[in-house]
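Open the model in your viewer and keep the selection tool ready. This tour makes two stops, with a short instruction at each.

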Amino acid sequence: MTENEPAVAPAGAEPLAGAMPSPGTATRTATDDVKDAPASGIDPTTEGSSATAGSPPTPPTGHPDGSVTAGGARSSEAAYGGARTSPAADGGATTVPRTIREAAAWSWRILLVGAALAAIVWLLASLRVIVVPVAVALLLAVMLTPVRRFLQHTLRVPRGLASGLSLLGLILAAAALVTFAGQQVATGFADLSEEAIAGFEELTRFLDGRFGLDLIDYQSQLVTELEAQRDAIIAGALGAAVTAGNLLIGALIALFCTFFFLHDPRGIWSWVVGLLPVAARERVHQAGRRGIVTLSAYTRTQILVAGVDAVGIGLGSAFFVPSLAVPIGVLVFVGSFIPMVGAIVTGAIATVVVLVAQGWVAAIIMLGIVILVQQIESHVLQPFLMGQAVSLHPVAVILAVAAGSFVAGIAGALFAVPLLALVNTVVLYLTGHDKFPELGNDDKLPIRWLAPDAPPLRIPLRRATDPAAGS
């Protein structure tokens, strides 16, 4: 045996002291140990095991993260939060905490949703000349649907004629109310203007005598400033003319859409739903049915609330300015369609009118009447009627009106609450909470557009002749 030749111990011989076992010998030894291991499930070859010959095996130790090692030693993977590499392998850098990872994931998703909503708002604002009339037409159609059903089912009027008569009745009623209110305004403001001029002159004399203010100089400065801003005033008048033209176009679009929303709402809705994927059509249809019920309840309730405000404030103003009671009532009725805010603003206008006409005492009494009507609306009508109709907290209503007015002005304030109520009902249904379970899901929508009174469409198809058959 040479000095470079490895020594091989005979089988069954004890290893020499200080001799290093060969790889093959170590492998065979570990294999034999595994075979001879007791049935307790302990692996003698586990790294970190402290079991020696003749000593009892150390039971496995469990850790909070679920890792189990023999002898109480945790594996590097369990000890470092599930990382597959030890801190020494990645230079000692710790992993990102789970809360930070989840916050980052939610952040980019929220930013993406916010960008999509901003794009939708920008598009709607750009098309407001079309969007606002369509929204008005939808509310008018919801309001006039009971009238159309009465004419169609009770009086046996054809559907198209019933829709036209309903719309025509609304136009005539609005025109009569505006005409009557205009006559009252023309009559009342003739006397009111004289009282206002007299009150302004009295205020001028009071300020001159008490504080020594010469308002004539301020009046001359005001006239000079108006002359300097003549071009801007003319430009503003032209802008008002353009706005009036847009209002006329919007009114025509609203009337046109209202008629067809009354005449064929189901056909239009089926066409809209038919644009969606097949898997989503049924759920969207059922959610839309519940949304329309919410809009109907909101419209009826808001008309009732606006009527109570108009009657209360109008009767209060009749004691002080009888000739302007009807115009003030009409103004309050229209303004009350902006929940909680419109009636306050119009009530303040009524108080100012009474102040000009009758003085401070009458104005304070009128202010008390306005506050009383507002308390009845806020504590009786809004919680019981509007709360049942749209299921929205008053705080949500106030925030919706504020956000709508900030984004889209008067139109935004007008449509903020019904839009929020519609979205609330639809989202609740899509997430498993049905506000109107009595509606059921039996109503199925055929996804095709066809006028209700149109005859069946028959298209003759000519078969192509086969040249081989004719030869």
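Select helix H3, residues 98–126. H3 gives the most to a nonpolar patch on the surface, with six residues. Keep in mind that this is a predicted model.

Now add the whole patch to the selection: Val113, Leu117, Ile120, Trp122, Leu123, Leu124, Leu127, Val129, Ile130, Val131, Val134 and Ile249. Together they have about 1100 Å² of accessible area. H3 and H4 are the elements that give two or more residues to this patch.

Zoom in on Trp122, which sits in helix H3. Is Trp122 buried or exposed? Its relative accessible area is 61%. Exposed means over 50%, so Trp122 counts as exposed.

Next stop: the second largest pocket. About 1800 Å³ of space lies in it. To find its centre, select Val136, Leu140, Val334, Leu414 and Phe415, the closest to that point of the 42 residues that line the pocket.

Then colour the helices around it. Those that give two or more residues to the lining are H4 (128–154), H5 (159–211), H7 (230–263), H9 (278–318), H10 (325–335), H11 (342–358) and H13 (394–430). Which helix gives the most to the lining? That is H4, with eight residues.

Finally, colour the lining of the second largest pocket by residue type. You should find 33 nonpolar residues, eight polar and one charged.

Before you leave, show H4 alone. H4 gives two or more residues to the nonpolar patch, and H4 also gives eight to the lining of the second largest pocket.

Conventions
Residues are numbered from 1 along each chain as its sequence is written. This is a predicted model: local features need pLDDT of at least 70, side-chain atom pairs count only at pLDDT 80 or more; totals for chains, interfaces and linings use all residues. Side-chain values use heavy atoms; hydrogens and water are left out. On a 1 Å grid over the protein atoms alone, a cavity is a set of points where a 1.4 Å probe fits but cannot get out, and a pocket is an open set with protein on both sides within 12 Å along at least five of seven lines; lining residues have an atom within 4 Å of a point. Grid points are joined across faces, edges and corners, and a volume is the space filled by probe spheres set on the points. Helices (H or I, at least four residues) and strands (E, at least two) are DSSP runs, numbered from the N terminus. Ala, Val, Leu, Ile, Met, Phe, Trp, Tyr, Cys and Pro count as nonpolar, Asp, Glu, Lys and Arg as charged, and the others, Gly among them, as polar. Patches are made of residues with over 30% relative accessible area and no salt bridge: like charges are joined within 9 Å, nonpolar side chains (Val, Leu, Ile, Met, Phe, Trp, Tyr) within 5 Å. Accessible areas come from the Shrake-Rupley method with a 1.4 Å probe; for residues, only the protein chains shown count as cover. A salt bridge is a side-chain nitrogen of Lys or Arg within 4 Å of a carboxyl oxygen of Asp or Glu. Buried means under 20% relative accessible area, exposed over 50%, partly exposed in between (1.4 Å probe, protein chains only).
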